[in-house]
Structures are given as C-alpha cells and as structure tokens.
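This report describes how a protein chain is arranged in space. Please study the sequence and the structure shown here before reading the sections that follow.

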Amino acid sequence: MSDELKAFAEFLRASGACDDDIFASRLVSCELITNVIRHGGDTAEFRGTLTRDAIEIRVFADSLKGLDLPCRIPDVFAESGRGLYIVKCFCGEIQRGESGELKVEILRKK
C-alpha cells in the first residue's frame, strides 16, 4: 500500500498539485484503504485521478458490496470511526460509486 500511495503522491506532485493536496490525498487514501481491509477483507483496489478542480479517490473491494457506510460519521473523540471522521474533514462526503466502491473528492487548493 505504501509504495502505491507514494507513486500516487509523486504523480500528483509531477502534475502540479500543492503539498497540502498531496498530504490530504495520501491521508484520505490510507484511511479508506485501511477501513476497507479491516472491515471487508484482505484486499482493496485503489484508484486516484486528478482533475482540474479535484483529486478523486476510489477504493474497490468485492466485500464492499454488502458493507454499509455508517449513517452517522463519528466525531474526533469517538472510540472507533476516527478514520471516517478524518476523511469527512477533507472530503465532506463519502459516496458509493456505481460498482459499490467508496468514492471521495478532495477539492484542490488554487
């Protein structure tokens, strides 16, 4: 996971993303991948894309199809769920893609 996220960070840097956006994308990606593996299985597939306005992160796993997102995202002081809280702070909303993947966007700083 670390090597893939490092490669994504290098891609973002080479594409002109600022350090804050690179940090946020790595943190959010790590939290989503870790949660998918912890709650859904042994593997996860990560895809990150860069647009003019946002960094889009998607995490896929077969086990996600039956896994529900919590109705209420925990707060920073919760015993569990802080990873989703961190993701929400950077992305606002965690969505489900058409294939059941978790999908978030980090709006790029101008």
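## Phe46 and its surroundings

Phe46 has a relative accessibility of 21%, so this residue counts as partly exposed. The model discussed in this report is a predicted one. Across the strands, Phe46 has Val59 of strand 2 as its bridge partner. Val59 in turn stands opposite Leu102 in strand 4.

## The aromatic cluster

How many aromatic pairs does the structure hold? There are two aromatic pairs. One of them joins Phe8 and Phe11: these rings are stacked, with 6.3 Å from centre to centre and 20° between the planes. Phe8 and Phe11 are three residues apart in helix 1, which comprises residues 2–14, and therefore about one helical turn separates them. Is Phe8 buried or exposed? Phe8 counts as buried because its relative accessibility is 7%. Phe11, by contrast, is partly exposed, with a relative accessible area of 41%.

Phe8 also forms an aromatic pair with Phe46, and this pair is edge-to-face: the centres are 5.3 Å apart and the planes stand at 75° to each other. The pair connects distant parts of the chain, since Phe8 belongs to helix 1 and Phe46 to strand 1, with their positions 38 residues apart. Together, Phe8, Phe11 and Phe46 make up one aromatic cluster.

## The sheet

Strands of a sheet pair through backbone hydrogen bonds, in either a parallel or an antiparallel manner. In this model, four strands form an open sheet in the order 1-2-4-3, and the pairing is antiparallel. Strand 1 and strand 3 (95–96) are the edge strands, each pairing on one side only.

Strand 1 covers residues 45–50 and runs antiparallel to strand 2, to which six bridges join it. A hairpin with three residues provides the connection from strand 1 to strand 2. Besides the bridge between Phe46 and Val59, Gly48 of this region stands opposite Ile57 in strand 2. On the other side of the order, strand 2 pairs with strand 4 (residues 102–107), again in the antiparallel sense and over six bridges.

## Cover over the strands

Strand 2, formed by residues 54–60, is mostly covered, and six of its seven residues are buried. Helix 1 lies across strand 1 and strand 2, and its direction is at about 5° to that of strand 1. The edge-to-face pair of Phe8 and Phe46 likewise links helix 1 with strand 1.

A further contact involves a charged side chain and a ring. Arg47 lies over the face of Phe60, at 4.4 Å from the ring centre.

## The cysteines

A disulfide is a covalent bond between the sulfur atoms of two cysteines. How many disulfides does the structure hold? The number is zero. For Cys91, the closest cysteine sulfur is that of Cys89, at 9.6 Å, which is too far for a bond. The cut-off for a disulfide is a sulfur pair within 2.5 Å.

The cysteines may also be described by their accessibility. Cys91 counts as buried because its relative accessibility is 16%. Cys18 has a relative accessibility of 28% and therefore counts as partly exposed.

Technical notes
Residues are numbered from 1 along each chain as its sequence is written. This is a predicted model: local features need pLDDT of at least 70, side-chain atom pairs count only at pLDDT 80 or more; totals for chains, interfaces and linings use all residues. Side-chain values use heavy atoms; hydrogens and water are left out. Buried means under 20% relative accessible area, exposed over 50%, partly exposed in between (1.4 Å probe, protein chains only). Helices (H or I, at least four residues) and strands (E, at least two) are DSSP runs, numbered from the N terminus. Two strands pair if DSSP finds at least two bridges between them. Rings of Phe, Tyr and Trp (its six-membered ring) pair if their centres lie within 6.5 Å; planes under 30 degrees apart count as stacked, over 60 as edge-to-face and the rest as tilted. A charge sits over a ring if NZ of Lys or CZ of Arg is within 6 Å of the ring centre and within 35 degrees of the ring normal. Contact means heavy atoms within 4.5 Å. Axes are lines fitted to C-alpha atoms, for helices over the stretch in contact, and angles run from 0 to 180 degrees between N-to-C directions.
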